[in-house]
Amino acid sequence: MITPASGTGNMSPVLELNGVTRIYGTGTAAVSALQGIDLRIDHGDFVAVMGPSGSGKSTCMNILGCLDTPSSGIYRFKGVEVGKLSRDQRALLRRHYLGFVFQGFNLLNRTSALENVELPLIYRGTPAAERREMARKALAAVGLNGWETHTPAELSGGQQQRVAIARAIVASPEVLFADEPTGNLDSARSREIMELMTDFNRDRGITIVMVTHDSDMASYARRIVRFMDGIIDKEEQNGGANNVS
Amino acid sequence: MFLETILIAMCEIRRNVMRSSLTILGIVIGVASVITMVTVGDGATKQVAYEISSLGTNLIDIHPGQSFRGSGGTRSGAPMFKITDAEAIARDISGLAGVAPVTGRGTQAIRGNDNWATIITGSTNDYLKVRNWTLASGRQFTDGELRAGAAVCIIGATIRKQLFGEQDPVGYTIRLEKISCQVVGVFKAKGQSGFGTDQDDFVLMPLRTVQRRIVGKSDISSIAVSAQDGVSTEKVKADIERLLRERRKTGKNEEEDFHVRDMQEIVKTLTGTTRLLTTLLGAVAAVSLLVGGIGIMNIMLVSVTERTREIGIRLAIGAMEKQVLMQFLIEAVVLSCFGGLIGIILGIAAAAAGASALKVPLILNIGIIVIAFVFSAAVGVVFGYFPARKAALLDPIEALRHE
Ligand SMILES: Nc1ncnc2c1ncn2[C@@H]1O[C@H](COP(=O)(O)OP(=O)(O)OP(=O)(O)O)[C@@H](O)[C@H]1O
Ligand SMILES: [Mg+2]
């Protein structure tokens with residue numbers, strides 16, 4: 001197993017991209033989705049990634065989330081160069097440090113909310129009783145107590161998204177990645193989800209990277225990174241009222 | 001972790017009862033048919049062996065001509081035996097319990113308006129001893145009857161049923177060919193033989209009576225001998241061969257023009273046939289097991305495609321390749337083992353039904369049951385591996401995007 005240097009202080013870089021490119025395909029069919037990204041995300045930050053469709057947001061998220069590796073350039077997760085790790089080593093990084101809220105929920109069908117939330121803990125080898133307890137707490141944290149035995153088909157879109165968030169935070173990850181977490185929700189539900197994310201960031205110190213198209217949602221973040229055609233167009237601190245408490 | 005993986009696999013199977021049961025159907029049928037075929041086949045083999053030994057285990061049969069495995073029947077030119085051959089065997093070979101010269105032919109047995117096609121066997125009282133016959137009523141032939149060639153007979157249970165019904169036939173007469181013959185005894189029934197012939201359908205008459213008044217020849221067609229208990233039939237067989245070669249003046253390098261076979265040889269030949277049949281049927285059934293395996297692979301492959309998104313989620317969340325591989329492999333193995341178990345139960349049930357229908361004993365062959373189970377587990381591993389590997393090697397990003 002790889003053991004990245006453990007996070008020290010509040011402002012050490014957790015994620016660091018240096019001249020990262022990502023090219024899909026080869027030859028004339030090659031698409032350059034990322035064309036040299038430099039980005040540094042510190043511990044405890046809450047970053048909103050924005051930009052037009054096809055600008056490379058998801059590609060960048062996949063690399064940050066250790067699901068993909070750069071074509072060139074260096075990505076360091078807590079000081080470890082991810083591009084040099086094997087598939088299984090990256091899986092272990094994800095298992096122990098990262099949480100994901102995927103676009104479109106991505107819950108297991110015909111599986112209860114509780115079992116869905118338990119999933120990351122199973123791969124961590126958490127004992128069953130403890131696992132159950134942690135999953136229950138995570139569901140409670142997203143306001144879903146009493147819905148443990150319901151399957152995704154029996155839950156509303158907002159509830160499903162909250163199960164997905166519970167699953168992402170159940171193992172207390174260091175970084176939470178969310179690709180359009182409110183993409184298919186109405187604005188009231190979206191605000192609820194954003195409140196939750198803000199709470200996790202503030203109370204648990206979870207670093208959050210979130211892709212969104214909606215500037216209302218982005219206003220919950222501390223920082224906004226704007227993508228354009230595979231490069232970072234603009235980075236801005238967010239002085240929004242939502243961050244002040 | 002291994003235990004967890006098994007648990008995940010079990011949950012997955014439970015969640016898809018319909019798909020799971022369809023997946024294992026092939027294995028169930030395969031295992032059940034292998035077990036049924038082999039068990040019934042074993043029973044039939046046992047039955048044949050048992051019936052042959054009911055003829056008398058120490059029995060040795062001597063026929064003129066060559067081995068019955070050859071062109072069959074008496075080789076043209078091979079002389080028949082004479083009564084003196086049987087007498088010489090009785091006199092010169094030690095360790096014999098009985099020597100019965102036998103001759104006979106098919107004929108009609110008539111009583112009043114009833115008649116019945118049967119076989120007349122001419123022999124001595126030794127025939128009863130050699131062939132394990134006992135009397136249900138009446139008596140054996142007297143020495144006087146044997147010497148004089150008297151018109152007396154002992155009848156089999158089938159003839160008694162056909163001509164006398166429930167009545168005791170002792171003391172009555174039946175007509176055989178041109179002679180009127182007094183029934184002095186009735187054999188106890190033995191039933192069907194392993195080859196489907198009715199052993200009780202014959203009439204025993206003194207040898208001399210048959211030679212003189214039925215066949216009209218003094219030849220005998222075979223000699224039935226039985227060795228005493230504890231005497232090696234191999235040795236007796238060799239002694240008889242030596243004696244007969246001498247008597248028939250067979251040259252040193254010449255092949256004998258008669259055949260001496262003991263029961264072991266007959267048992268071996270006949271059980272060999274049923275055993276071959278069992279193996280053949282078992283092999284055909286084993287092919288269906290293989291087809292069952294391909295069925296598992298097919299459905300596992302479909303399952304991998306169908307569950308691509310699930311696999312993507314698992315991989316993204318932190319499952320390692322080998323864990324996904326194990327999950328699918330264990331799923332396949334658990335399924336096929338489960339199929340194997342159901343197959344074993346169904347197979348035993350079918351074998352029990354088959355055995356009772358065919359009136360053969362039910363002999364459970366633990367070996368074949370274990371083999372069938374292990375084989376079905378192996379089928380799970382072999383045919384589950386390819387789909388499992390396919391699942392494990394999926395790219396999580398692609399898999400997550402899958403509809
Ligand atoms: N697997 C792939 N193979 C080939 N090209 C790809 C692949 N994934 C993304 N691309 C291309 O890379 C570019 C960036 O895609 P990406 O998904 O990162 O955009 P995005 O910013 O997330 O867009 P959206 O807001 O629509 O989700 C696009 O031009 C896309 O066509
Ligand atoms: Mg995207």
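These questions and answers walk through a predicted model, from its ligand site to its salt bridges and surface.

Trainee: Which residues come nearest to ligand 1?
Mentor: The shell around ligand 1 holds 14 residues. Five of these come nearest, and chain A supplies them. They are A:Ser53, A:Gly54, A:Lys57, A:Ser58 and A:Thr59.

Trainee: Which side chain has a polar atom 2.5 Å from an oxygen atom of ligand 1?
Mentor: Take the side chains in turn. A:Lys57 has an N or O atom 2.7 Å from a ligand oxygen. A:Ser58 also has a side-chain N or O atom 2.7 Å from an oxygen of ligand 1. The 2.5 Å distance belongs to A:Thr59.

Trainee: How much of the accessible area of ligand 1 does the protein cover?
Mentor: Start with the ligand on its own. Its accessible area is then 630 Å². The part covered by the protein is 68%.

Trainee: Which element gives the most residues to the shell around ligand 1?
Mentor: Two elements give two or more residues: α1 (57-64) of chain A and α13 (396-401) of chain B. The top contribution is 3 residues. It comes from α1(A).

Trainee: Why is the site of ligand 1 shared between chains?
Mentor: Look at which chains supply the surrounding residues. The site is shared because residues around ligand 1 come from chains A and B.

Trainee: How many residues of the shell around ligand 1 are polar?
Mentor: Split the shell by residue class. There are 3 nonpolar and 4 charged residues. The polar count is 7.

Trainee: How many salt bridges does a search of the whole structure find?
Mentor: Side chains of opposite charge can pair when their charged atoms come close. The search runs over all chains. The total is 26.

Trainee: What is the distance between the closest N and O atoms of B:Glu321 and A:Arg87?
Mentor: This salt bridge crosses between chains, from helix α11 (residues 321-358) of chain B to helix α2 (residues 87-97) of chain A. B:Glu321 is partly exposed at 22% relative accessible area. A:Arg87 is partly exposed too, at 27%. Their closest N and O atoms are 2.4 Å apart.

Trainee: A:Arg202 and A:Asp203 form a salt bridge. Is A:Asp203 buried or exposed?
Mentor: The closest N and O atoms of the pair are 3.6 Å apart. A:Arg202 is partly exposed, with a relative accessible area of 40%. A:Asp203 has 58%, so its class is exposed.

Trainee: B:Asp239 meets B:Arg242 in a salt bridge. Is B:Asp239 buried or exposed?
Mentor: Both residues lie in helix α8 of chain B, 3 residues apart, about one turn of the helix. The N to O distance is 3.5 Å. B:Arg242 counts as exposed at 51% relative accessibility. B:Asp239 has 14%, so it counts as buried.

Trainee: Which residues do salt bridges that share partners join into one network?
Mentor: Here the pairs link up through shared partners. The network consists of B:Arg307, B:Glu310, B:Arg314 and B:Glu331.

Trainee: What is the phi of A:Asp229?
Mentor: Most residues other than glycine have a negative phi. A:Asp229 has a positive one. It sits in the loop between β9 (223-228) and β10 (231-237) of chain A, and is exposed at 55% relative accessible area. Its phi is near 50°.

Trainee: Where is B:Lys249, another residue with a positive phi?
Mentor: Its phi is about 55°, although it is not a glycine. B:Lys249 counts as exposed, at 70% relative accessibility. Its place is the loop between α8 (233-247) and β10 (258-262) of chain B.

Trainee: How much accessible area does the nonpolar surface patch with B:Ile366 have?
Mentor: B:Ile366 lies in helix α12 (residues 366-392) of chain B and counts as exposed at 56% relative accessibility. Its patch partners are B:Leu362, B:Leu364, B:Val370 and B:Val374. Together the five have about 440 Å².

Trainee: What separates the C-alpha atoms of B:Leu346 and B:Ile29?
Mentor: B:Leu346 is in helix α11 of chain B and counts as partly exposed at 44% relative accessibility. Along the chain, B:Leu346 and B:Ile29 are 317 residues apart. In space, their C-alpha atoms are separated by 8.5 Å.

Note on methods:
Residues numbered from 1 in each chain as written. Chains lettered and ligands numbered in written order. Predicted model: local features only at pLDDT ≥ 70, side-chain atom pairs only at ≥ 80, totals over all residues. Heavy atoms only, no water. Patch = residues over 30% accessible without salt bridge, like charges linked within 9 Å, V, L, I, M, F, W, Y side chains within 5 Å. Areas by Shrake-Rupley, 256 points an atom, 1.4 Å probe, with all protein chains shown as cover. Salt bridge = Lys/Arg side-chain N within 4 Å of Asp/Glu carboxyl O. Helix = DSSP H or I, 4+ residues; strand = E, 2+ residues; numbered from the N terminus. Buried < 20%, exposed > 50% of the residue type's maximum accessible area, 1.4 Å probe, protein only. Near = heavy atom within 4 Å. Polar contact = N/O pair within 3.5 Å; in protein donor to acceptor, adjacent residues only side chain to side chain. Nonpolar A, V, L, I, M, F, W, Y, C, P; charged D, E, K, R; others polar.
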